[in-house]
Structures are given as C-alpha cells and as structure tokens.
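Subject: Structure handover

Hello,

Here is the structure you will be taking over. My notes on it follow below the files.

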Amino acid sequence: MDALIANSLLKAQTYAQYRETVTSLLAEGKATGDVQSDALVHYTQLNETRMNRLQKTVQLEDAVATKLHHLTRSYTWLVLSEGWCGDAAQLLPVMHKMALASDKIELKIVFRDQHPELMDAYLTNGTRSIPKLLILDNESDIVIASWGPRPEPAAQLVRDYKAQHGVFDETGKTALQLWYLHDKGKSTQEEIVALLR
C-alpha cells in the first residue's frame, strides 16, 4: 500500500467520529481546518443542519442498492473533507448510506488541511477541491479510482455559472444547493457505484 494512503488511514475517522469532531468544534465557535473565520463557522452550522436532514432522508436507488449488496470485492473509501464544505455536507451522507448498504465497504474520512500531501496527490484541475473520494481496493491495496468534488451535472452547473458570471458567488452557491436538493443523491450514487468492480 502507498505510504501516503497508509499513513492517512491511520489517522482517519469513521463517519460518526467525523460528525462528532465537527460538532464539538462548532460548540467552541470553531470550524475545521487551518483557517478560522465567522463565515466558515456559519457555513459549518448550515452544513450540520443539511447533514442531519440528509442522514434521515437519503434513499438509495434500487439498482445501486442491489449492486452494493452483491459486491464481491472489498473496498476502503477514504474521503478528504472539511466541516465547512457545502459539497461535502451534501455528499458525505450519501456515501455513508452507500457504505452502510454493503459489508464490503468501509468509509473513512480525513480532514484536508491536516493531510496536504494526500490532497496534493489528488487535485482537481490543480485545486484542492473537496470532498475527494479515493476508492481503495483492499485486495490489491491500490487506489482504483478517485471521485469528486461533486457529481458531473453539479460540476457542469458550476462551470456554466462561472462562464456566464465570471465568478461563483452566493447566487451560484444557492443554485448548486438547489440542484443537490432536487437530485436527492441520485447522481452521486450512480457515479460512485459505476467505479466499483
């Protein structure tokens, strides 16, 4: 196994531990990561609400649930995230629900700012965009795929908005959150399950 991945897994948290860490920091008026600001704390508070709702409402697509139930290989899903990240708040509960559906998947999460070398090995268009899912095949101990920071239709929405407005501002972020609300995790499930052998 790659030393970078192995070292990251030693420090990784379960989904429950990640949620607990984010909630505990928020109770102290802090966000995760190297940078602290009122805005990041505000985004983290919004994300707590989103994640609590999604944990209760996310439903797996029938075809996705069937594939997850019949996996023959085992995987570790290692996700780079931060509590203030709006995309992570929408996607981690979906990944969690998918992992719960199969005894062949173990979901682990690390904080991006605590693992810069790992993040820099899996950049998106040269940026440290999160969440980033690394799918590790436990039999071969290699990363067979990386996915993120968002499903392709959402990524296209962001690209189109930037092309039209030059920036991705609060209006764009609101449009993205509405897209997630309407998609209900469907695109995320389909794209991730397609990466599994």
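The notes go from the overall fold to the sheet, the helix contacts and the loops.

Please keep in mind that this is a predicted model.

Overall

The protein has nine helices and four strands. Read from the N terminus, the order of elements is α-α-α-α-β-α-β-α-β-β-α-α-α. The C-alpha trace spans about 45 × 35 × 35 Å along the principal axes. The radius of gyration is 16 Å, which agrees with the value near 16 Å expected for a compact globule of 197 residues.

Sheet

The four strands make up an open sheet with mixed pairing, and their order is E2-E1-E3-E4. Strand E2 (105-111) and strand E4 (142-147) are the edges, each pairing on one side only. On average, neighbouring strands are turned by 25 degrees against each other, direction ignored.

Two of the pairings can be given in detail. Strand E1 (residues 75-81) is joined to strand E3 (residues 132-137) by six bridges in the antiparallel sense. Within this pairing, Trp77 has Ile135 of E3 as its bridge partner. E3 also runs antiparallel to E4, with five bridges between them; here Leu133 is matched with Trp147 of E4. E3 and E4 form a hairpin in which four residues separate the strands, and Asp141 in the turn has a positive phi of about 60 degrees.

Helix H9 (residues 186-193) lies across E1, E3 and E4. Its direction is at about 155 degrees to that of E4.

Helix contacts

Two packed helices are described by the angle between their axes and the distance between the axes. Two such pairs are listed here, and H8 takes part in both.

For helix H7 (residues 152-165) and helix H8 (residues 170-183), the axes come within 10 Å and cross at roughly 160 degrees. Because of that angle, H7 is roughly antiparallel to H8. The crossing of H7 and H8 is right-handed. On the H7 side the contact is made by Pro153, Ala154, Leu157, Val158 and Tyr161, and on the H8 side by Thr171, Gly172, Ala175, Leu176, Trp179 and Tyr180. By class, the H7 and H8 contact counts nine nonpolar residues, two polar ones and no charged ones.

For helix H5 (residues 86-100) and H8, the axes come within 11 Å and cross at roughly 5 degrees. H5 and H8 are therefore roughly parallel to each other. The residues that meet are Gly86, Asp87, Gln90 and Leu91 in H5 and Leu176, Gln177 and Tyr180 in H8. By class, the H5 and H8 contact has three nonpolar, three polar and one charged residues. Leu176 and Tyr180 of H8 are listed in the contact with H7 and again in the contact with H5.

Loops

Which peptide bonds should you check for a cis geometry? One is the bond from Ile130 to Pro131, with omega near 5 degrees. Pro131 is in the loop between helix H6 (116-121) and E3. Another is the bond from Gly148 to Pro149, which is cis with omega near 15 degrees. Pro149 sits in the loop between E4 and H7.

Asn125 has a positive phi of about 50 degrees, although it is not a glycine. Asn125 is placed in the loop between H6 and E3, where Pro131 is also found.

Regards

How values were computed:
Residues are numbered from 1 along each chain as its sequence is written. This is a predicted model: local features need pLDDT of at least 70, side-chain atom pairs count only at pLDDT 80 or more; totals for chains, interfaces and linings use all residues. Side-chain values use heavy atoms; hydrogens and water are left out. Axes are lines fitted to C-alpha atoms, for helices over the stretch in contact, and angles run from 0 to 180 degrees between N-to-C directions. Angles under 35 degrees count as roughly parallel, over 145 as roughly antiparallel, 65 to 115 as roughly perpendicular and the rest as oblique. A crossing is left-handed if the near helix is turned anticlockwise from the far one by less than a right angle, and right-handed if clockwise. Contact means heavy atoms within 4.5 Å. Ala, Val, Leu, Ile, Met, Phe, Trp, Tyr, Cys and Pro count as nonpolar, Asp, Glu, Lys and Arg as charged, and the others, Gly among them, as polar. Two strands pair if DSSP finds at least two bridges between them. The radius of gyration is taken over C-alpha atoms; the globule rule is 2.2 Å times the number of residues to the power 0.38.
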